[in-house]
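Dear colleague,

Please find below the structure that I am handing over to you. My findings follow directly after it.

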Amino acid sequence: ISCDGQMIALQNQQCDGLRITASASKGNFIEQIELIYSDDTSGKLQVGFTDWWEQEPLFGEEIIWTGDCGKVEEGCFTDMGTVNIYRNTFWLDCRKN
């Protein structure tokens, strides 16, 4: 799943953080999220997620799931190692809605 242009509306919510569960594939992921507040001001939040093949998080995430990865081709299973899903918390300006 890729989030390109996705909007998440938090109507009249005052939040101090944003928690995202994710993994990157085919390399690590670093991108900016645009935050738009109810007073029409905006800000940027840089987020990064480690590739699921990496054994250690690189962007302050925590590993919340680890599992075995493999593939089946022509009836034969090939073990491809261990992969991870990460969770990261990004702190927001709690004075904003």
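Trp53 has a relative accessible area of 35% and is therefore partly exposed in this predicted model, since the partly exposed class lies between under 20% for buried and over 50% for exposed. Trp52 has a relative accessible area of 30%, so it is also classed as partly exposed. The rings of Trp52 and Trp53 have their centres 5.9 Å apart, and their planes stand at 65°, so this pair is edge-to-face.

The search for aromatic pairs covered the whole structure and returned two of them. In the pair formed by Phe49 and Phe90, the ring centres are 6.3 Å apart and the planes are at 75°, so this pair is edge-to-face. Phe49 belongs to strand S3 and Phe90 to strand S5; with their positions 41 residues apart in the numbering, the pair links distant parts of the chain. Both Phe49 and Phe90 are buried.

These two phenylalanines also appear in the largest nonpolar core, whose seven residues are Leu35, Tyr37, Leu45, Val47, Phe49, Tyr86 and Phe90. S3 and S5 are the elements that give two or more residues to this core. The greatest contribution is that of S3, with three residues. As general background, nonpolar side chains in soluble globular proteins tend to be buried together. For Tyr37, a member of the core, the contacts beyond four places in sequence are with Ser42, Gly43, Asp93, Lys96 and Asn97.

I turn now to the strands. An open sheet is formed by three strands in the order S1-S5-S4, with antiparallel pairing. Its edge strands are S1 (17-22) and S4 (62-73), each of which pairs on one side only. On average, and with direction ignored, neighbouring strands of this sheet are turned by 15° against each other. Between S1 and S5 (residues 76-91), the antiparallel pairing runs over six bridges.

Strand S2 (residues 29-36) pairs with strand S3 (residues 42-49) in the antiparallel sense, over eight bridges. Within this pairing, Ile30 stands opposite Gly48 in S3. S2 and S3 form a hairpin with five residues between them, and Asp40 in the turn has a positive phi of about 70°.

Which residue in S5 stands opposite Thr21? That residue is Arg87, which is found in strand S5. Arg87 has a relative accessibility of 25% and so counts as partly exposed. Apart from its neighbours within four places in sequence, Arg87 is in contact with Arg19, Ile20, Thr21, Glu61, Glu62 and Ile64. The C-alpha atoms of Arg87 and Phe59 are separated by 10 Å, and the two residues are 28 residues apart along the chain.

Finally, a word on the confidence of the prediction. The chain has a mean pLDDT of 86, and 96% of its residues reach 70 or more. Among the elements of the chain, S4 has the highest mean pLDDT, at 93, and S2 the lowest, at 88.

With kind regards

Methods:
Residues are numbered from 1 along each chain as its sequence is written. This is a predicted model: local features need pLDDT of at least 70, side-chain atom pairs count only at pLDDT 80 or more; totals for chains, interfaces and linings use all residues. Side-chain values use heavy atoms; hydrogens and water are left out. Two strands pair if DSSP finds at least two bridges between them. Helices (H or I, at least four residues) and strands (E, at least two) are DSSP runs, numbered from the N terminus. Axes are lines fitted to C-alpha atoms, for helices over the stretch in contact, and angles run from 0 to 180 degrees between N-to-C directions. pLDDT is the predictor's confidence in each residue, from 0 to 100. Buried means under 20% relative accessible area, exposed over 50%, partly exposed in between (1.4 Å probe, protein chains only). Contact means heavy atoms within 4.5 Å. Rings of Phe, Tyr and Trp (its six-membered ring) pair if their centres lie within 6.5 Å; planes under 30 degrees apart count as stacked, over 60 as edge-to-face and the rest as tilted. A nonpolar core is a set of buried Ala, Val, Leu, Ile, Met, Phe, Trp, Tyr and Cys residues joined through side-chain atoms within 4.5 Å.
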